[in-house]
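Subject: Structure handover

Hello,

Here is the structure I promised to pass on. Please open it first, then read the notes below it.

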Amino acid sequence: MKLSAIAAAATLAICTMSASAATYVPGTYTYKVNAHNAAMTVAVTVSKHKIEKIDYSKNLETIGVGQLALQKVGEKILDYQSLGVDGVTGATISSMALKYAVGECLKQAQVSAQDLKDLRKPVEQHKALPNTMKTQVVIIGGGGSGLAAAIAASQAGADVIVLEKLGLLGGSTNVSEGALNAADPVRQPKQGIEDSIAKHYEQTIKGGHNIGNPELVHHLTDNVYDAVLWLESIGVKFKDEVGTATGALWQRSHYPATPSGNSYIRVFEKYIAEHPNIQVITDIEALDLLKDDTGRVTGVLAKDNKNGRYTKFTAEKGVIVATGGFGANVDLRQKVNTGVFKDYDLGKAIGCTNFKKSAQGSGILMGEKIGANVIGMADIQVHPCGTPGTGLMEMIRTSGRNRIFINTDGNRFVNEGAARDVLAKAIFAQKDSTYYVIVNHLRYPSLDWVDRNGAKVGDMIELGRVVPADTLEELATKLKMPVENLKASIDNYNAVVRGEKKDPLGFQANNKADREMTEGPWYACQKVPTVHHTMGGLQINKDAQVLDVNGKVIPGLYAAGETTGGIHGSNRLGGNAIADLMVFGRTAGMNAAQGK
């Protein structure tokens, strides 16, 4: 059965479009509804018997996730002339919000109660996949590492099937800032930055508390600039200047020219759509890895989440596990939390930056079930940039320069450029385990300035997530902290930037990137620690082959991305996750295609 690349899942639905029997009073109607990130206004235009247009442009949903769900659900409502369409798994709140808002608009258009009831009846039918599907490479997981592996395998000449549990692609890469660390011989010299592959290696090893696998770290740092060039060759555009992701320890973080890690996913999706030897099936959950009598992994058993049917996917050359980490699996992370954060409760009170439905460690557990060795599970990373109540990383981000961290008393309490575990522990030590990121006009020249995640600072102010002030006196009043403390924090930081004093907290200014923060407007954003990355998982070698409990290669099984362990030690440098998934995703794809 040949499915049409990126649109594969869509072709599983049998479209039964027909003109609606409902009657409306023609016009355009609006309704404001709470979506995932914020309230959004939906406008619906109807004629007497048809929904003509749905405008959801006034939204703050996440690029590649909520916004993608709005697009898909909106198109289906128009196609089917019905509210009984499926939402997008992984963006359920955004999907339901749009359907609810359209329904409220139709009520304003005086649709009858019976017609509205009929409009809400399910209309999508889902054709079952065959009992068995054969290909050369099967990839479990359609996030950044899985899609990188798919493209690399395709380029090596293999036919590929990607299985994704959610209704959208991208995984955690979608909601990342997209920072990718690489020693760059072109960009960095232009910025006066001294760097090398050796320095990247040394900082990665040291940042991981010297327990990362040197062979894997060498493979990462030796090959990541080639990954940058590879990404550029397939359409990714990077900014001309590199920055410093939170906890990166050096100015080598490459950022996509367009906002967020979804930039990579958009390019990957376009490539896949143009190459029919890659098939993508969404809303399907891999359950078991299959082995033959020789011990070789030969395929995957998966369940279609739309109709409950099972399909056996046979892989002639190899299976790649790229299902991400287990950061959203609260029970599992509490069970294994005996490492860096063993003295802290990582239970339900601590949020997670990753998708709840996907970051469950399913690939790790599947591998362990067939004898794969699992390492480093206690190595959990807590990020300092969580939003209170959700754990999501929203504006203002903690990365970059020209910002300070202050506690609720208005005092700086940590070196803002420290590693993530140092930052998180310092925050836990503050009152209520919270703090504020303070920036000014240097970061946001205007309220319309778009941050790396695609949101405007003005939008965040309207939502109450960012506190603005023209002066430090006004900001201190709004934050209910002593103004003398806040002013002293800013003054001391500026003195360090000017080179007049040494920071007792250890911050070292970069005279080419750090500037004095002297004038408003000022902006403050409250933050809390949040579970961000799990460094443990399936043990692999530098060829991305999975090893068993005896250290031997499991034939036919590969892994990449956050599913693996051993690369980052007990603390990952900011910007090394995207580097990891691109390098090892490519490695897994190329080697699986060769049946190595």
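A residue is called buried under 20% relative accessible area, exposed over 50%, and partly exposed in between. Leu249 has 31% relative accessibility, so Leu249 counts as partly exposed. Please keep in mind that this is a predicted model.

**Backbone points to look at**

Leu249 is worth a stop for its backbone too. Its phi is near 70°, a positive value in a residue other than glycine. Leu249 sits in the loop between helix 9 (214-233) and strand 9 (253-254).

Ser260 also has a phi near 70°, and Ser260 is not a glycine either. You will find Ser260 in the loop that runs between strand 9 and helix 10. Is Ser260 buried or exposed? Its relative accessibility is 6%, so Ser260 counts as buried.

Then go to Pro521. A cis peptide bond links Gly520 to Pro521, with omega at about 5°. Pro521 lies in the loop between helix 16 (483-498) and strand 19 (522-534).

**The sheet of strands 2, 3 and 4**

This is an open sheet of three strands, in the order 2-3-4, and its pairing is antiparallel. Why does one side of strand 2 and of strand 4 lack a neighbour in the sheet? Strand 2 (27-34) and strand 4 (51-58) are at the edges and have a single partner strand each, so one side of each has no neighbour there. On average, neighbouring strands of this sheet are turned by 20° against each other, direction ignored.

Strand 2 is joined to strand 3 (residues 39-46) by eight bridges, and the two run antiparallel. One pair to look up is Gly27, whose bridge partner in strand 3 is Val46.

Two helices pack on this sheet. Helix 2 (residues 66-80) touches strand 3 and strand 4, and its direction makes about 170° with that of strand 4. Helix 3 (residues 92-108) touches strand 2, strand 3 and strand 4. The direction of helix 3 makes about 140° with that of strand 2.

**The sheet of strands 14, 20 and 23**

This open sheet also has three strands. Their order is 14-20-23, and the pairing is mixed. The edges are strand 14 (374-375) and strand 23 (564-565), each pairing on one side only.

Strand 14 pairs with strand 20 (residues 537-539) in the antiparallel sense, over two bridges. Ile375 is opposite Gly537 of strand 20. Helix 12 (residues 362-369) lies across strand 14 and strand 20, at about 45° to strand 20.

**Other strand pairs**

Strand 11 (residues 284-291) and strand 12 (residues 297-304) run antiparallel and are joined by seven bridges. Asp288 has Leu301 in strand 12 as its bridge partner. The two strands form a hairpin with five residues between them. In the turn, Gly295 has a positive phi of about 95°.

How many residues of strand 15 (residues 380-386) are buried? Seven of its seven residues are, and the strand is mostly covered. Strand 15 pairs with strand 19 in the antiparallel sense, over five bridges. Gln381 stands opposite His533 of strand 19.

**A helix pair**

Helix 5 (residues 144-155) packs against helix 10 (residues 262-273). The angle is about 35°, and the axes are 10 Å apart. Their crossing is left-handed.

On the helix 5 side, the residues in contact are Gly144, Leu147, Ala148, Ile151, Ser154 and Gln155. They meet Ile265, Phe268, Tyr271 and Ile272 of helix 10. By type, the contact has seven nonpolar residues, three polar and no charged.

**The nonpolar cores**

The largest nonpolar core has 87 residues. Which of its members touch the most others? They are Leu180, Phe268, Phe313 and Met582. Helix 17 (residues 576-593) gives the largest share of this core, nine residues.

Leaving out residues up to four places away in sequence, Met582 touches Ala148, Leu180, Ala227, Leu231, Tyr264 and Phe268. Of these, Ala148 and Phe268 also belong to the contact of helix 5 with helix 10.

There is a second, separate core of 35 residues. Among its members are Ile54, Val88, Ala109 and Val111.

Best wishes

Technical notes:
Residues are numbered from 1 along each chain as its sequence is written. This is a predicted model: local features need pLDDT of at least 70, side-chain atom pairs count only at pLDDT 80 or more; totals for chains, interfaces and linings use all residues. Side-chain values use heavy atoms; hydrogens and water are left out. Two strands pair if DSSP finds at least two bridges between them. Helices (H or I, at least four residues) and strands (E, at least two) are DSSP runs, numbered from the N terminus. Contact means heavy atoms within 4.5 Å. Axes are lines fitted to C-alpha atoms, for helices over the stretch in contact, and angles run from 0 to 180 degrees between N-to-C directions. A crossing is left-handed if the near helix is turned anticlockwise from the far one by less than a right angle, and right-handed if clockwise. Ala, Val, Leu, Ile, Met, Phe, Trp, Tyr, Cys and Pro count as nonpolar, Asp, Glu, Lys and Arg as charged, and the others, Gly among them, as polar. Buried means under 20% relative accessible area, exposed over 50%, partly exposed in between (1.4 Å probe, protein chains only). A nonpolar core is a set of buried Ala, Val, Leu, Ile, Met, Phe, Trp, Tyr and Cys residues joined through side-chain atoms within 4.5 Å.
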